[in-house]
Every structure is written in structure tokens, then in C-alpha cells.
Amino acid sequence: VMCCAIMQIVWVNVMQRLYFRSVIQSTHLRVFLERLARDLLPDHVHKACLRLQNTPYFSADNLMCGHMFADIVDWTDAVSHLASHQAFQLLCDIFRVFDSLCAANRIEKVETTGDSYWCAVGIDTGQASQSDMQRLIRFGLEMQRSLDPQKIPSLNLLKEPLKLRVAIHYGTCMGCMVGSRAPRYHLFGPSIDIVKWLVSHGSGSGRGVLLTSAALRASVSCRSDVQ
């Protein structure tokens, strides 16, 4: 009887340890997934998705946003002498610095495509303010200044300094969740096409920020009728 009682105590103790371990692991997993969701989605979209868990999409029409595209000039040629893993690591280092600057300036990152970086302001409120546009311009200039080997040591692998072409536009767009498998929040509209065209046809000097007339007016005095 004594032996059975001891075995029962030991068994209960083991089960309790396993239970608490599983609780801790599930808590860590929950924190990781919540942090991942916040990193993948803008804050207002993340909160809306939590409220509308049975809704497969989230959309917001008629947003007046500031859009910025940044493109590394002649990236393919600049890294042609590097091994694939070195080029990938260098691009990761650059984008990590851009992400830090993006967070510091309270800018919403939309996505990266190849060596291009896309972000926006005003998607959370639906109306980019004058200060939002000024922060976006300041962010673009900081991105260009950050391409310095002293700030990103892996840039020393390149033969020539990198140049960053930055373009900003202000206009209407629509934001919505795309897809049910690996979904992401995306922006659509003519304003996106304008800023994409501007950054692809702009100067390759990598100095200063290209602004459309709408972006310039919005950064001075933002109005809902700016076009």
C-alpha cells in the first residue's frame, strides 16, 4: 500500500510538471504568433481581424495616403561579383536598417519586392496629414544616408557605393487583405502605379527624394482635395 501511494504521488508530480511545461510552451507560442501577426499586418488591420475573426477579409475604401517607393540603383550589377548567399545577406542587412528607420518614423511598411521597398502613411487613419507626409520625406532621406559602410558593414563587400532612388506620391487608394492562405494586407489604386512609374524612371543619382506635385502640396498643407 505504501509503495502504491508513493508511486501515485510520483505520477501526479510528473503529470503536473508535464502540464505546466505544456502551458509555458503554449504561452510562448501564443506570444510569438501575436508578435508575428503584429509585424506582418498594420496595427489597425490586426485589431480589425481580431474583432472579425469569422470574416475572411478586411477592406477600407477611399484612403488618402502618402506612398513611397525606394529602389536600389543597379542592384543586380552591384552584387554580380558576390556569391548568392552574400548578396542575400547584404540585402537583408539593408532592409533591417530600413525597417528600424521605418518603425522609428512611425511609417507603415507595405512590402519589399526584390530590392524595392514600399511603405505608406495614413492607412491607419484614412487620411495622411501634413506631418505624416513630412515624416515620409524625412524617412526617405534617412534611408539614403543609411547606405554607409559605417552603418552597414557588409556594404564593404561592394566595389562601388550603393545609391537609393526614392519617390513619393499622395493620392487615393484602397487597402484590403489578399488571399486566405498566407494572406497579406495590400494597397491598390492609380496612386500606386504613379509612384512605381516615378521611381523606375527617376534619376539614378540617389540624391534627394522625387516628389509629385500632389505629394509636395500635401507636405506643405494637406487637404482632402489635393490631386
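A residue is called buried here when its relative accessible area is under 20%, exposed when that area is over 50%, and partly exposed in between (1.4 Å probe, protein chains only). The structure is a predicted model, in which local features need pLDDT of at least 70 and side-chain atom pairs count only at pLDDT 80 or more, while totals for chains, interfaces and linings use all residues. Residues are numbered from 1 along each chain as its sequence is written, and side-chain values use heavy atoms, with hydrogens and water left out.

We can start with the overall layout. The protein has 7 helices and 6 strands, taken as DSSP runs numbered from the N terminus (helices are H or I with at least four residues, strands are E with at least two). Along the sequence these elements follow the order α-α-β-α-α-β-β-α-β-β-α-β-α. Of the 227 residues, 40% are buried. About 13800 Å² of the protein is exposed, and carbon and sulfur atoms supply 57% of that area; the accessible areas come from the Shrake-Rupley method with a 1.4 Å probe, and for residues only the protein chains shown count as cover. Contacts (heavy atoms within 4.5 Å) often span long stretches of sequence: among those between residues at least 6 apart, 70% join residues at least 24 apart.

A hairpin comes next. Strand β2 (residues 108-113) runs antiparallel to strand β3 (residues 116-121), and 5 bridges join the two; strands are taken to pair if DSSP finds at least two bridges between them. Within this pairing, E108 stands opposite A120 of β3. The hairpin leaves 2 residues between its strands, and G114 in the turn has a positive phi of about 65°.

The loop between β2 and β3 also holds D115. This aspartate is buried but has no salt bridge, the nearest side chain of opposite charge being that of R165, 7.1 Å away. For this purpose Lys and Arg count as positive and Asp and Glu as negative, with His and the chain ends not counted, and a salt bridge requires a side-chain nitrogen of Lys or Arg within 4 Å of a carboxyl oxygen of Asp or Glu. The D115 side chain does reach the backbone nitrogen of I72, at 3.5 Å. Beyond its neighbours within four places in sequence, D115 is in contact with A70, D71, I72, W75, L91 and F95.

Side chains of opposite charge can pair when their charged atoms come close. The structure holds 4 salt bridges, and one of them joins R165 to D71 at 3.1 Å, N to O. R165 belongs to strand β4 (residues 164-178) and D71 to strand β1 (residues 59-72), so this pair ties together parts that are 94 residues apart in sequence. Both partners lie under the cut-off for burial: R165 has a relative accessible area of 13%, and D71 has one of 15%.

Another salt bridge involves the hairpin, with D99 and K109 bringing their closest N and O atoms to 3.1 Å. D99 sits in helix α4 (residues 84-104) and K109 in strand β2, 10 residues apart. D99 is partly exposed at 31% relative accessibility, as is K109 at 33%. A further salt bridge links R135 and D132, whose closest N and O atoms are 2.2 Å apart. Both residues lie in helix α5 (residues 130-146), with a spacing of 3 residues, about one turn of the helix, and both are buried.

Key. A polar contact is a pair of N or O atoms within 3.5 Å; within protein, one must be able to donate a hydrogen and the other to accept it, and residues adjacent in sequence count only if both atoms are side-chain atoms.
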